[in-house]
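Q: Please take a close look at one part of this predicted model for me. I would like to start with its largest pocket and then see the surroundings.

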Amino acid sequence: MSVVDLFRTAAALPDAWNSRLLGEVGTACIKVLRMDELPVAEETHCTVEVLLVLDGRLELSIEDAQVTVGSGEMYVVEAGTRHAVRAGSQGTLLIVEVREV
């Protein structure tokens, strides 16, 4: 595999909030996406999600709590946890989805 410029890859995506799969390591999928200030509806996943903000900020609603994840910070969303993206999220987000074995 060659070097991947995460910022360039995210900027080249045609739509915000549509991730691009970069690769897999064991049971984990590594994705990158561009955030665009708009909210994203509540969802749950059957996988653990590690959300790493490369630049900008991610505004989350986790269950009944409000969480802000800043540049260089990460948040782990456990499998089955209700979460939504609040308005104001912007920048580049790296997602690592960890499937159960």
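What gives the most to the lining of the largest pocket, and with how many residues?

A: Happy to walk you through it. S4 gives the most to that lining, with 4 residues. Before going further, a word on the basis: this is a predicted model, in which local features need pLDDT of at least 70 and side-chain atom pairs count only at pLDDT 80 or more, while totals for chains, interfaces and linings use all residues. Residues are numbered from 1 along each chain as its sequence is written, and side-chain values use heavy atoms, with hydrogens and water left out.

Now the pocket itself. On a 1 Å grid over the protein atoms alone, a pocket is an open set of points where a 1.4 Å probe fits, with protein on both sides within 12 Å along at least five of seven lines, and a lining residue has an atom within 4 Å of a point. The largest one has a volume of about 250 Å³, a volume being the space filled by probe spheres set on grid points that are joined across faces, edges and corners. Its lining consists of 18 residues, and those nearest the centre are Trp17, Leu33, Glu43, Glu49 and Ile95. By class, 11 of the lining residues are nonpolar, 3 polar and 4 charged; here Ala, Val, Leu, Ile, Met, Phe, Trp, Tyr, Cys and Pro count as nonpolar, Asp, Glu, Lys and Arg as charged, and the others, Gly among them, as polar.

S4 has company in this job. Strands S2 (28-36), S3 (40-43), S4 (48-62), S7 (83-85) and S8 (90-98) each supply at least two residues of the lining. Strands are DSSP runs of E with at least two residues and helices are runs of H or I with at least four, both numbered from the N terminus.

Trp17, one of the residues nearest the pocket centre, sits in the loop between helix H1 (6-11) and strand S1 (20-25). The phi of Trp17 is near 65°, which is positive although this residue is not glycine. Most residues other than glycine have a negative phi. Trp17 is also a partner of Val40: setting aside neighbours within four places in sequence, Val40 is in contact (heavy atoms within 4.5 Å) with Trp17, Ala84 and Val85. Val40 belongs to strand S3 and counts as partly exposed because its relative accessible area is 25%; the cut-offs are under 20% for buried, over 50% for exposed and in between for partly exposed, with a 1.4 Å probe and protein chains only. Between the C-alpha atoms of Val40 and Gln90, 50 residues apart along the chain, there are 12 Å. Pro14, another residue of the loop between H1 and S1, is exposed at a relative accessible area of 72%. The C-alpha atoms of Pro14 and Arg34 are separated by 9.5 Å, with their positions 20 residues apart along the chain.

Back to S4, where Ser61 is found. Ser61 is buried, since its relative accessible area is 18%, and its contacts beyond four places in sequence are Gln66, Arg82, His83, Ala84 and Arg86. Glu63 follows in the loop between S4 and strand S5 (65-70). Glu63 has a phi near 55°, again a positive value in a residue other than glycine, and is partly exposed at 36% relative accessible area.

S4 residues also appear beside the loop between S5 and strand S6 (74-77), where Gly72 lies. Gly72 touches Leu52, Val53 and Leu54, not counting residues up to four places away in sequence. Gly72 and Leu54 are 18 residues apart in sequence, with 5.5 Å from C-alpha to C-alpha. Gly72 is nonetheless exposed, with a relative accessible area of 62%.

To place all this in the whole: the protein has 1 helix and 8 strands, in the order α-β-β-β-β-β-β-β-β from the N terminus. Of its 101 residues, 39% count as buried. Among contacts between residues at least 6 apart in sequence, 60% join residues at least 24 apart. The C-alpha atoms fill a box of roughly 40 × 35 × 25 Å along the principal axes.
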